[in-house]
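Student: I've got this one up on my screen and I'd like to talk it through. Can we go over it together?

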Amino acid sequence: MKKTTVSVTGCSLADILYADIDFTSQPFADCASKKDGDGGLAPGKLVFADALEAFTKKDYALLKQNLTGGRAPHAKNLGGPAVVGAINASQILSDLPVSFCFYGATGNDKTAEFLRSIIAQTPLNADHYITIPGPTPSTDVLSDPRAHNGKGERTFINTIGSCYSYTPEHLGDAFFDADIVWFGATALVPPLHENLSGLLKRAHDAGKINIVSTVFDFINEMRNPDKPWPMGDSEESYRYIDLLIVDWEEAVRLSGKGDLEGFSAFFRNAGVSSFVVTHGAKDFYVWSDGRLFEKTPLTAFPVSALVDEDLAANPSLRGDTTGCGDNFAGGFVASLVRQYAQGTEKGSFDISDAAAWAAASGGFACFCLGGTYLEKAEGEKRGKLRKYHDAYFRQIGKEKKA
């Protein structure tokens, strides 16, 4: 087992959770989007608070009061696709000589103190998590558990805050010294996203494994709602990506193609080595050209049946769907990193094992409010996920993996 380092950068913020919002209510209808990129709310999508203000011509504080009925949030948690996914992966791999180092920024406020106190309770290394004057990034997460036939849906209202000032220079050389680098939801850290191709190329040219996981790119949606989003600043980014993790809506908007075959062909032709496309509670899809993971045709994988069974048998265990996708990505990455640390040769990485850890992680997040699970002891979460990982292999008809 070789010592392995993973550098992670991208979105980290405070998730402020409102767990029982009615998306059919009048206040929600008053803020509902009428066309793509207009700044209005839409289930499953993200908007910026200042764009919502411009769309409604009302102050966001008043809009939030109306949307939530003036209720206090159900929970406040550490959120953000990059940091939540990295924490999940670090928890899964806490038994190995693997270090996940997070590069990002908070503001200099009480929310920053809260986020740092959460990270301190996890295995994630936050030595490069700096302070920049201004408000800490945050997202109000409005969740309607009745949407999607009871499976739940969310909408996100984001305040970027101090991350408007977090630039590639803040990463420094240390970021690129890692074995594996992960860019997570950089669309919520605009200065990084606008330089993504150069950052990926630098890591690629140094022989690193590049991972990119995406988020709804509201800036580019507003700029050009009728055109595909660029991957960061350029389509050149794709050729440097070893693993791309993207959800269905993001795949459509990045590619400009409306169906699975269309956007899958787009990612293949653009040069991505392997990709995963999630689709909420539906099947997810994987593909690999064989450079990193074993060569795999476009293949559908189900969500975890055992998670669904446990939730149906014990409704009181249900949290919400916040962080499911982030934890899914963390599970997939955890398997990749474990295989790398074990000395697996490139081209032989087991994609089914990655799918199992991803399905287990994404499903387990449904038992929590918010995406970050705080362990009572090291290895606790890994033990809980192992149950779902092993059951998933039986579900898809494969042997249990170590």
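Student: Of the contacts in the protein with a separation of 6 or more, what percentage comes from residues 24 or more positions apart?

Tutor: One thing to keep in mind is that this is a predicted model. The secondary structure comes to 14 helices and 14 strands. Taking the contacts with a separation of 6 or more, the share from residues 24 or more positions apart is 74%.

Student: What radius of gyration does the protein have, and what would a compact globule have?

Tutor: Start with the spans: along its principal axes the C-alpha trace covers about 55 × 50 × 45 Å. For 402 residues, a compact globule would come out near 21 Å, and the protein agrees with that, at 20 Å.

Student: How much of the protein is buried, and what part of the exposed area do carbon and sulfur atoms supply?

Tutor: Buried here means under 20% relative accessible area. Of the 402 residues, 59% are buried. The protein exposes about 15,700 Å², and the part supplied by carbon and sulfur atoms is 49%.

Student: Why is helix α9 described as largely enclosed, and what do its buried residues pack against?

Tutor: Helix α9 runs over residues 248–255, and 6 of its 8 residues are buried, so the rest of the structure largely encloses it. Those buried residues are Glu250, Ala251, Val252, Arg253, Leu254 and Ser255. They pack against α8, β11, α10 and β12.

Student: Now α10: which elements do its buried residues pack against, and which residue with a positive phi follows the helix?

Tutor: The buried residues of α10 are Leu260, Gly262, Phe263, Ser264, Phe266, Phe267 and Ala270. They pack against β11, α9, β12, β13 and β14. Right after α10 there's a residue with phi near 110°, and that's Gly271.

Student: At what angle do α12 and α13 pack, and what is the handedness of their crossing?

Tutor: Helix α12 covers residues 324–341 and α13 covers 351–364; their axes are 7 Å apart, with an angle of about 145°. The contact draws on residues including Phe328 and Phe332 of α12 and Trp357 of α13. By class it has 9 nonpolar, 6 polar and 1 charged residues. As for handedness, the crossing is right-handed.

Student: Leu336 sits in α12. Is it buried or exposed, and how far is its C-alpha from that of Ile180?

Tutor: Leu336 has 0% relative accessibility, so it counts as buried. Beyond its neighbours within four places in sequence, Leu336 is in contact with Ile180, Ile209, Ile211, Leu243, Leu292, Phe293 and Phe349. Leu336 and Ile180 are 156 residues apart in sequence, yet from C-alpha to C-alpha the distance is 9.8 Å.

Student: Lys57 and Ala185 each have a positive phi without being a glycine. Which loops are they in, and is each one buried or exposed?

Tutor: Lys57, with a phi of about 60°, lies in the loop between α2 and α3. Ala185, with a phi of about 55°, is in the loop between β9 and α6. Lys57 has a relative accessible area of 74%, so it is exposed. Ala185 has 0% relative accessibility, so it counts as buried.

Technical notes
Residues are numbered from 1 along each chain as its sequence is written. This is a predicted model: local features need pLDDT of at least 70, side-chain atom pairs count only at pLDDT 80 or more; totals for chains, interfaces and linings use all residues. Side-chain values use heavy atoms; hydrogens and water are left out. Axes are lines fitted to C-alpha atoms, for helices over the stretch in contact, and angles run from 0 to 180 degrees between N-to-C directions. Helices (H or I, at least four residues) and strands (E, at least two) are DSSP runs, numbered from the N terminus. A crossing is left-handed if the near helix is turned anticlockwise from the far one by less than a right angle, and right-handed if clockwise. Contact means heavy atoms within 4.5 Å. Ala, Val, Leu, Ile, Met, Phe, Trp, Tyr, Cys and Pro count as nonpolar, Asp, Glu, Lys and Arg as charged, and the others, Gly among them, as polar. The radius of gyration is taken over C-alpha atoms; the globule rule is 2.2 Å times the number of residues to the power 0.38. Buried means under 20% relative accessible area, exposed over 50%, partly exposed in between (1.4 Å probe, protein chains only). Accessible areas come from the Shrake-Rupley method with a 1.4 Å probe; for residues, only the protein chains shown count as cover.
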